[in-house]
Amino acid sequence: MKAWQHFKTINHHKMLVLKGCFRVGLYKQGLMHDLSKYSPTEFLVGCKYFQGNLSPNNVERLEKGYSQAWLHHKGRNKHHLEYWIDYGVEKKGITGMKMPLKYVVEMFIDRVSASKNYQKEKYTDRSALEYYERGREHHVLHEDSRALLEELLHMLADEGEDAVFHYIKHVLLKKKDYGTPYQKPAVPIDHIN
């Protein structure tokens, strides 16, 4: 029973991310998102620790002190900030490398989708931001990647999903790089072609 519930949960999450990625034009990423969750290393752990309202990796971590499934997952999926942690060239010690734009966008969509998946009818456009803020100080993340992720989460919370997805597709992903903060348009989003 837990195996079936876990399978349904990861499929539902994958479909939410697929829809979000397709909505902004990231078709390959939508199709390839989280395929490692179907590998035995991740799937069997997910079945064993399935709860339905939080990641099985958190439950595994509580029991073992680490999550083997998470270590496997984050090393294979570039939309996770942990994939981009390395030794800094100018800084001593580990630091977050600047993530490519398309992976920051996928990370944002992943966070929104996870919030929808686990919170179900309690989900609001503020859910992903609130979850992020609870763990913000623990994230090792490049300052530009952090600023962009926070910008998108705040935009979602303040302006809603249609506005942020429009911005991502028609403004953000047209750029070669990122770093300039979002400026709220003078004309409402629904009036822009």
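1. A good place to start is helix H7, residues 127–135, where Ser127, Ala128, Leu129, Tyr132 and Gly135 are buried. Please keep in mind as you read on that this is a predicted model. The buried residues of H7 pack against two other helices, H6 (101–119) and H8 (143–159). If you have the structure open, colouring H6, H7 and H8 will bring up this set of contacts.

2. Just before H7, have a look at Lys120. This lysine sits in the loop between H6 and H7. Its phi is near 50°, a positive value in a residue other than glycine. Is Lys120 buried or exposed? With a relative accessibility of 48%, Lys120 counts as partly exposed, because that class runs from 20% up to 50%.

3. A second positive phi turns up at Asp34, where the angle is near 55°, and Asp34 is likewise not a glycine. Asp34 belongs to the loop that links helix H2 (27–32) to helix H3 (40–48). Why does Asp34 count as buried? The relative accessibility of Asp34 is 2%, and the cut-off for buried is under 20%, so this aspartate falls in the buried class.

4. Stepping back to the whole fold, the protein chain has nine helices and two strands. Their order along the sequence is α-α-α-α-α-β-β-α-α-α-α. In that pattern the two strands follow one another, with five helices ahead of them and four after.

5. How does the overall size fit the length of the chain? For 193 residues, a compact globule would have a radius of gyration near 16 Å, and the 17 Å of the protein chain agrees with this. The C-alpha trace spans about 50 × 45 × 30 Å along its principal axes.

6. On burial and contacts, buried residues account for 46% of the 193 residues in the protein chain. Taking contacts between residues at least 6 apart in sequence, 60% join residues at least 24 apart.

7. Last, the surface and the charges. The accessible surface of the protein chain is about 11100 Å², and carbon and sulfur atoms contribute 56% of that area. The chain carries 30 positive and 24 negative side chains. The centres of these two sets lie 5 Å apart.

Key. Residues are numbered from 1 along each chain as its sequence is written. This is a predicted model: local features need pLDDT of at least 70, side-chain atom pairs count only at pLDDT 80 or more; totals for chains, interfaces and linings use all residues. Side-chain values use heavy atoms; hydrogens and water are left out. Buried means under 20% relative accessible area, exposed over 50%, partly exposed in between (1.4 Å probe, protein chains only). Contact means heavy atoms within 4.5 Å. The radius of gyration is taken over C-alpha atoms; the globule rule is 2.2 Å times the number of residues to the power 0.38. Accessible areas come from the Shrake-Rupley method with a 1.4 Å probe; for residues, only the protein chains shown count as cover. Lys and Arg count as positive and Asp and Glu as negative; His and the chain ends are not counted. The place of a charge is taken as NZ of Lys, CZ of Arg, CG of Asp or CD of Glu.
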